[in-house]
Amino acid sequence: MQIRPTKALINLSNLAENYSIITQYASPAKIIAVVKADAYGHGARQIVEKLNTLENPPCIYAAATVEEVIDLQNSFPLLRFLVFEPFNLNMAEALKQYDFEVTITSTDQLEMIESLNLSGETGVHIKIDTGMGRLGFKEYEIDGLLKHLTGINKLSIKGVYTHFATSDGFDREFTLKQIECFERVLSKFKEAGISTGIIHTSNTGAIINYPQAKYDAVRPGISLYGYYKDIETTVALGLKPVMSLVSTLSTVKKFKAGESISYGRSFILETDSWIGTVAAGYADGIRRSLSGKISCAIAGIEYPQVGTITMDRFMVNLGETEYPVGTVVTILSDDLQFNANCWEWCDKMDTIPYEITCGISKRVPRVYEY
């Protein structure tokens, strides 16, 4: 039962349009759709369900953790799933029950798989660290890796991949060096006669900027959900935000000049004004640090949020306009013509859209629009 009016609207038509744009850039490479962190806060099961109905759906769905993949595989037992988290022994029981593909970043992990005595082969993706500086085999470790691979018969290499650190930046030098490094690694696999499975490197930035790095598949993440590196490029590409956040005015009351609004008396009214309260706050993902810095859209007009954002509620200065209780308030718009959008929050918080959408909490119900 949903009583509280605050909800995240998930526009699945926008998702489909974004996917179409990405596939055009990626062609002829296949798509590995990144649906980690509950599809960046959008609801992974519903996102996978929609993507799988589209023309040329993803060949693999990738998530961060085993728990995320198990949840999806219970709903979609026939689809392929990749776990980005490096293999560890805690995954053993899950591998006995579920058929998912795991990431290998060290020879120790290969030996762990060999020691498990599983009944079938484990599908693995070998991750190469070409410069991200996080996970994977370094180029100088590849010879040792290949020796291990020739001696292990309980795994099947489903893919080899790397990750780019600066592919959405203006300086191309480092990404080109990463591509060159990865090419050298692939050559060593070929010389050793070891299959690579699906070769995949490109995140959203590389899909747009480095067509030479398409290989067999690409891994779009944030672009699926309507964002790229900045609002100008996002609009130019035709990407559309998939999530919007809406609520209603729960109270509307006239306040006099000189009266204060919310904790700390950080906002003092200069003139008599109507103040509306909205049943959403930092427990819903509307960060307290945004207090007094953002706007909301009501009936096509933007109004400033005022006072300190509280756990469950924030206030909007309606000025001279008395709206009725129950009037719809757009907190985050999927229409980028309004300032009340994710990019406004990013600017005020010095962050990226990923953090905003992932941060809309679980207590905000997702409502899917088809």
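**Exercise 1.** Locate proline 28 between its neighbouring elements, and describe the peptide bond that leads to it from serine 27.

*Solution.* The model is predicted, so local features need pLDDT of at least 70 and side-chain atom pairs count only at pLDDT 80 or more, while totals for chains, interfaces and linings use all residues. Residues are numbered from 1 along each chain as its sequence is written, and side-chain values use heavy atoms, with hydrogens and water left out.

Step 1. Proline 28 lies in the loop between H1 and strand S2 (30-34). Helices (H or I, at least four residues) and strands (E, at least two) are DSSP runs, numbered from the N terminus.

Step 2. The bond from serine 27 to proline 28 is cis, and its omega is near 5°. Most peptide bonds are trans.

**Exercise 2.** Describe the chain as a whole: how many helices and strands does it have, and what percentage of its residues is buried?

*Solution.* Step 1. The chain has twelve helices and 18 strands.

Step 2. Along the principal axes, its C-alpha atoms fill a box of roughly 80 × 45 × 40 Å.

Step 3. Of the 370 residues in the chain, 53% are buried. Buried means under 20% relative accessible area, exposed over 50%, and partly exposed in between (1.4 Å probe, protein chains only).

Step 4. Among the contacts with a separation of 6 or more, 67% join residues 24 or more positions apart. A contact means heavy atoms within 4.5 Å.

**Exercise 3.** Determine the surroundings of threonine 105: is this residue buried or exposed, and which residues beyond its sequence neighbours does it contact?

*Solution.* Step 1. Threonine 105 sits in the loop between strand S5 (101-104) and helix H6 (107-116).

Step 2. Its relative accessible area is 11%, and therefore it is buried.

Step 3. With neighbours within four places in sequence left aside, threonine 105 contacts Pro86, Lys127, Leu135, Gly136 and Phe137.

**Exercise 4.** Describe how helix H7 and helix H8 are arranged: at what angle do their axes cross, and which residues meet?

*Solution.* Step 1. Two packed helices are described by the angle between their axes and the distance between the axes. The axes of H7 (residues 142-150) and H8 (residues 173-192) come within 11 Å and cross at roughly 35°. Axes are lines fitted to C-alpha atoms, for helices over the stretch in contact, and angles run from 0 to 180 degrees between N-to-C directions.

Step 2. The crossing of H7 and H8 is right-handed. A crossing is right-handed if the near helix is turned clockwise from the far one by less than a right angle, and left-handed if anticlockwise.

Step 3. From H7, Ile142, Asp143, Leu145, Leu146 and Leu149 meet Val185, Lys188, Phe189 and Ala192 of H8.

Step 4. By class, this contact has seven nonpolar, no polar and two charged residues. Ala, Val, Leu, Ile, Met, Phe, Trp, Tyr, Cys and Pro count as nonpolar, Asp, Glu, Lys and Arg as charged, and the others, Gly among them, as polar.

**Exercise 5.** Examine helix H11: which of its residues are buried, and what covers them?

*Solution.* Step 1. The buried residues in H11 are Cys342, Trp343, Glu344, Trp345, Cys346 and Met349.

Step 2. Since six of the eight residues of H11 are buried, this helix is largely enclosed by the rest of the structure.

Step 3. The cover of these residues includes helix H10 (231-237), strand S10 (243-255), strand S14 (295-298), strand S17 (328-332) and H12.

**Exercise 6.** Characterise the largest cavity: what is its volume, and which residues line it?

*Solution.* Step 1. On a 1 Å grid over the protein atoms alone, a cavity is a set of points where a 1.4 Å probe fits but cannot get out, and lining residues have an atom within 4 Å of a point.

Step 2. The largest cavity has a volume of about 40 Å³. Grid points are joined across faces, edges and corners, and a volume is the space filled by probe spheres set on the points.

Step 3. Its lining consists of Ile21, Ile22, Thr204, Ile207, Ile208, Ser223, Leu237 and Leu239. H9 gives the largest share of this lining, three residues.

Step 4. The lining of the largest cavity has six nonpolar, two polar and no charged residues.

**Exercise 7.** Compare the settings of tyrosine 215 and serine 262: what is the phi of tyrosine 215, and what is the phi of serine 262?

*Solution.* Step 1. Most residues other than glycine have a negative phi. Tyrosine 215 has a positive phi of about 50°, and serine 262 has a positive phi of about 75°.

Step 2. Tyrosine 215 is in the loop between H9 and strand S9 (217-218), whereas serine 262 is in the loop between strand S11 (260-261) and strand S12 (267-268).

Step 3. Tyrosine 215 counts as partly exposed because its relative accessibility is 21%. Serine 262 also counts as partly exposed, at 26%.

How values were computed
On a 1 Å grid over the protein atoms alone, a cavity is a set of points where a 1.4 Å probe fits but cannot get out, and a pocket is an open set with protein on both sides within 12 Å along at least five of seven lines; lining residues have an atom within 4 Å of a point.
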